[in-house]
Amino acid sequence: MSGNRSVRTHYRTCNLCEAMCGIAIELDGSEILTITGDKNDPLSRGYICPKAVALQDIYHDPDRLKRPLRRTSDGWQPMEWDAAFDEVAARLLEIQRQHGRDAVAIYQGNPTVHSSGTMLFAPAFFRALGTRNRFSATSVDQLPHHFASYFMFGHQLLIPVPDVDRTHFLLVLGANPLVSNGSLMTAPGMRRRLRELRQRGGKLVVVDPRRTPTAQVADEHLFIRPGTDALFLLALLHTLYEQDLVNLGPVADLCVGQERIEALVAEFAPEQVASRTGIEVEAIRRTAVAFASAPSAVCYGRVGVSTQAYGALCHWLINLLNALTGNLDRPGGAMFAAPAIETVDRRGAGHYCRYSSRVRGAPEFGGELPVSTLAEEILTEGDGKIRALVTSAGNPVLSTPNGTQLERALSGLDFMVSIDIYLNETTRHADIILPPTTGLETDHYDLIFHTLAVHNTAKYSSALFEPAPDARHDWQIFRQLRKRIEAGAPPKRLGSRLRQACLDRLGPERLLDLGLRLGPYGVWRGRRFSPRGLSLRKLRRHPQGIDLGPLRPCLPGRLFTADGRVHLAPAVLVDDLQRLRAKSSPAVPFDPPLSLIGRRQLRSNNSWMHNSLRLVKGKDACTLLMHPADASVRSIRDGETVEVSSRVGRINIAVELSTDMMPGVVSIPHGWGHGRPGVELQTAHAHAGVSINDLTDDQRVDTLCGNAAFSGEPVTVRGKRPPAAPLVT
Ligand SMILES: Nc1nc2c(c(=O)[nH]1)N[C@H]1C(S)=C(S)[C@@H](COP(=O)(O)OP(=O)(O)OC[C@H]3O[C@@H](n4cnc5c(=O)[nH]c(N)nc54)[C@H](O)[C@@H]3O)O[C@H]1N2
Ligand SMILES: Nc1nc2c(c(=O)[nH]1)N[C@H]1C(S)=C(S)[C@@H](COP(=O)(O)OP(=O)(O)OC[C@H]3O[C@@H](n4cnc5c(=O)[nH]c(N)nc54)[C@H](O)[C@@H]3O)O[C@H]1N2
Ligand code: SF4
Ligand SMILES: [Mo]
């Protein structure tokens with residue numbers, strides 16, 4: 001191809017998931033020839049997954065919306081942008097005037113954090129609406145991490161990251177990074193990283209109710225009963241004290257509360273928790289001793305331990321395990337990244353319980369209410385009822401518990417607007433859809449995931465393609481909406497008006513440039529001029545990224561607690577042990593006949609990439625994984641369609657027998673269920689699958705922090721034939 005002078009390579013970061021892989025796009029004119037991993041990217045070093053290639057499918061997708069749409073009795077009609085902005089603002093303001101500000105709710109979904117334009121400009125719009133009814137995907141995901149970090153380190157975003165590239169012992173609970181490519185651990189190329197861990201004599205232990213691809217490459221895999229990780233972690237801590245293995249190491253002088261822990265964990269001997277967790281006494285002790293004795297070790301827990309009834313407890317206990325073995329803030333342990341644009345500042349530190357939800361009294365965290373309560377807030381009559389909803393980059397019908405109930409609620413709203421690129425399960429309920437540019441049409445700097453990366457780097461990607469004519473970027477949509485809402489709302493103080501006018505004038509590029517210049521590696525860091533420091537210009541000159549070095553110890557400097565210490569025994573978390581004790585008493589019968597968990601798939605990205613044919617073609621991916629023993633007592637055969645039911649719903653799904661499942665546990669991937677009427681996603685519709693969240697229960701939450709407790713949903717599975725043995729269901 002070298003003779004062809006029109007062939008060029010565009011470098012950028014894939015922004016689909018947290019891994020931030022560097023990609024190289026080879027083009028002939030405007031035709032994409034190949035999308036490959038960029039070997040020179042300092043973070044991903046050539047790794048990509050199959051979804052990167054599908055970036056071009058999103059760009060070319062005929063179903064992707066390009067103009068605003070309005071729902072009418074004659075179907076969807078295109079609208080002019082200005083008319084759409086005017087109408088959205090007028091309707092929202094009118095509803096707020098009549099019923100109060102909280103009558104308008106907002107829901108922000110996952111791609112929010114993958115878009116610098118949305119990150120920079122959406123907050124001002126949502127602030128202008130001034131509603132307390134703010135919801136997001138956080139409370140079906142990582143809320144427990146924020147909760148533990150807020151109470152232990154004083155800031156919800158100061159989340160420890162496992163230093164996987166240097167550790168000697170990685171203990172993974174409820175995460176499958178070989179498939180998810182890592183989460184709250186930006187670490188593209190986990191297969192290579194895990195191979196290197198073992199090559200340097202390190203060990204990988206995975207605790208999961210399913211023998212996942214990550215568990216398959218581990219030194220040891222322990223099956224655990226869904227939802228019992230807090231007990232397992234307490235038993236690990238118990239063993240540290242029992243065997244005199246506690247040593248806080250580098251943070252010894254920075255912590256408070258350590259003297260309380262021994263008494264708190266005293267009752268959780270391995271013997272006490274083994275039958276509940278399904279993990280043998282000897283395996284618990286062995287794991288604790290190996291962890292504490294390794295030259296460095298780190299425990300990492302993700303979605304499987306976040307989305308359960310004791311998610312916040314789990315993340316507190318994980319941080320404790322790391323701290324009490326001397327592995328907090330030291331190489332090979334749990335460390336903090338130092339991004340080029342600082343995101344962890346005083347203003348966003350967090351807060352808890354300032355107010356609570358109207359119907360069930362669920363607590364706010366960081367200015368958001370748990371999304372498990374959204375449907376009831378719309379459906380329950382009375383003062384304070386939600387009457388309008390703004391969704392942005394979210395698909396809560398498929399991604400939050402009891403999606404069927406939420407759909408019923410959405411269809412009864414007075415007004416709904418969705419800022420989204422597709423007409424899907426959620427946005428089909430909107431009155432107006434505002435579609436932004438996306439992917440290859442946008443500039444990108446990752447504001448969030450550099451804060452969670454296992455190695456410090458910086459990279460700016462320019463848009464590859466000109467946006468379609470008459471398209472709007474997400475930040476432009478938010479700016480227009482905000483201006484109109486502000487024009488119709490009570491005037492704000494002069495200071496905040498001036499600040500906003502400045503932000504508007506700067507636009508995203510100059511804001512990023514300022515962030516880089518003033519950041520820890522910037523040309524103006526510490527108010528001194530450092531000519532070799534970072535600026536946007538410098539990043540543009542290095543489109544394949546700049547290496548800023550391995551993670552470095554940073555405590556106590558980055559702590560945000562009032563006393564500048566790490567709090568090992570925050571009262572709210574200590575008190576929550578009481579709830580666990582009550583639930584785990586032997587008098588309470590445990591475990592339903594079958595307990596349901598989720599799974600992620602390499603060719604899937606939550607609910608919204610099933611319209612790419614290259615990702616969905618082939619074998620049906622939306623199946624119920626079930627252990628052969630559980631199938632045989634129910635006379636269920638491989639491939640048969642069964643009925644799965646829970647307290648809130650029922651679905652029909654094909655069974656895939658698998659000895660990788662723990663007996664008594666079944667698994668369904670989330671993000672499917674595109675068969676609903678009115679979904680305008682041709683390919684996804686033809687590969688519809690069913691939604692696990694038509695089974696998950698909106699009442700199952702971690703009542704401490706409000707996160708959805710998906711893991712371990714009690715379900716009944718029925719085949720076509722009568723069961724081989726009587727079943728207690
Ligand atoms: N049972 C169960 N449920 C789960 C999970 C689970 O493990 N099990 N996982 C949870 C987790 S971790 C998450 S993060 C949530 C995700 O929950 P959501 O964020 O609600 O769902 P997504 O599937 O990410 O939907 C993203 C939406 O953004 C739109 N979109 C894509 N790109 C853009 C863009 O550039 N701009 C705009 N404006 N819109 C865009 C898509 O069309 C889609 O509508 O799901 C949660 N739900
Ligand atoms: N390919 C792909 N990659 C993705 C996504 C995607 O949809 N597809 N989504 C992205 C998003 S938004 C996120 S948040 C991350 C999530 O990243 P991960 O957390 O790594 O992904 P999951 O596959 O949800 O892993 C959860 C694991 O927990 C296990 N599990 C379930 N219940 C329990 C339990 O009670 N205890 C324990 N110990 N384990 C349990 C499950 O079997 C599963 O292996 O992935 C991101 N990356
Ligand atoms: S793992 Fe795949 S989807 Fe995620 S950033 Fe890398 S290439 Fe993109
Ligand atoms: Mo997520």
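## A tour from strand β5 to ligand 3

Start in β5, where Gln77 is the bridge partner of Arg70. What you have open is a predicted model. Now select residues 69–72: this is strand β4, which runs antiparallel to β5 and is joined to it by 4 bridges.

Next, widen the selection to the whole sheet. It is open, with 7 strands in the order β5-β4-β19-β18-β17-β6-β7, and its pairing is mixed. At the edges you will find β5 (75–78) and β7 (134–136), each of which pairs on one side only. Ignoring direction, neighbouring strands here are turned by 20° against each other on average.

Time to add some helices. Pick residues 116–129 for helix α4, which lies across β6 (104–108), β7 and β17 (388–392) and runs at about 165° to β6. Then bring in α18, lying across β17, β18 (415–419) and β19 (432–434), at about 145° to β18.

Keep α18 (residues 474–488) on screen and show α3 (residues 81–99): their axes come within 9 Å and cross at roughly 45°. That angle makes α3 oblique to α18. Which residues make the contact? On α3, choose Trp81, Asp82, Phe85, Asp86, Val88, Ala89, Leu92, Leu93 and Arg97; on α18, choose Ile477, Gln480, Leu481, Arg484, Ile485 and Gly488. Colour this contact by class and you get 9 nonpolar, 2 polar and 4 charged residues. As for handedness, the crossing of α3 and α18 is right-handed.

Last stop: ligand 3. Its surroundings include Cys14, Cys17, Cys21 and Cys49, along with Lys51 and Asn181. By class, the shell around ligand 3 has 9 nonpolar residues, 1 polar and 1 charged.

How values were computed:
Residues are numbered from 1 along each chain as its sequence is written. Chains are lettered from A and ligands numbered from 1 in the order in which they are written. This is a predicted model: local features need pLDDT of at least 70, side-chain atom pairs count only at pLDDT 80 or more; totals for chains, interfaces and linings use all residues. Side-chain values use heavy atoms; hydrogens and water are left out. Axes are lines fitted to C-alpha atoms, for helices over the stretch in contact, and angles run from 0 to 180 degrees between N-to-C directions. Helices (H or I, at least four residues) and strands (E, at least two) are DSSP runs, numbered from the N terminus. Angles under 35 degrees count as roughly parallel, over 145 as roughly antiparallel, 65 to 115 as roughly perpendicular and the rest as oblique. A crossing is left-handed if the near helix is turned anticlockwise from the far one by less than a right angle, and right-handed if clockwise. Contact means heavy atoms within 4.5 Å. Ala, Val, Leu, Ile, Met, Phe, Trp, Tyr, Cys and Pro count as nonpolar, Asp, Glu, Lys and Arg as charged, and the others, Gly among them, as polar. A residue is near a molecule or strand if one of its heavy atoms lies within 4 Å of it. Two strands pair if DSSP finds at least two bridges between them.
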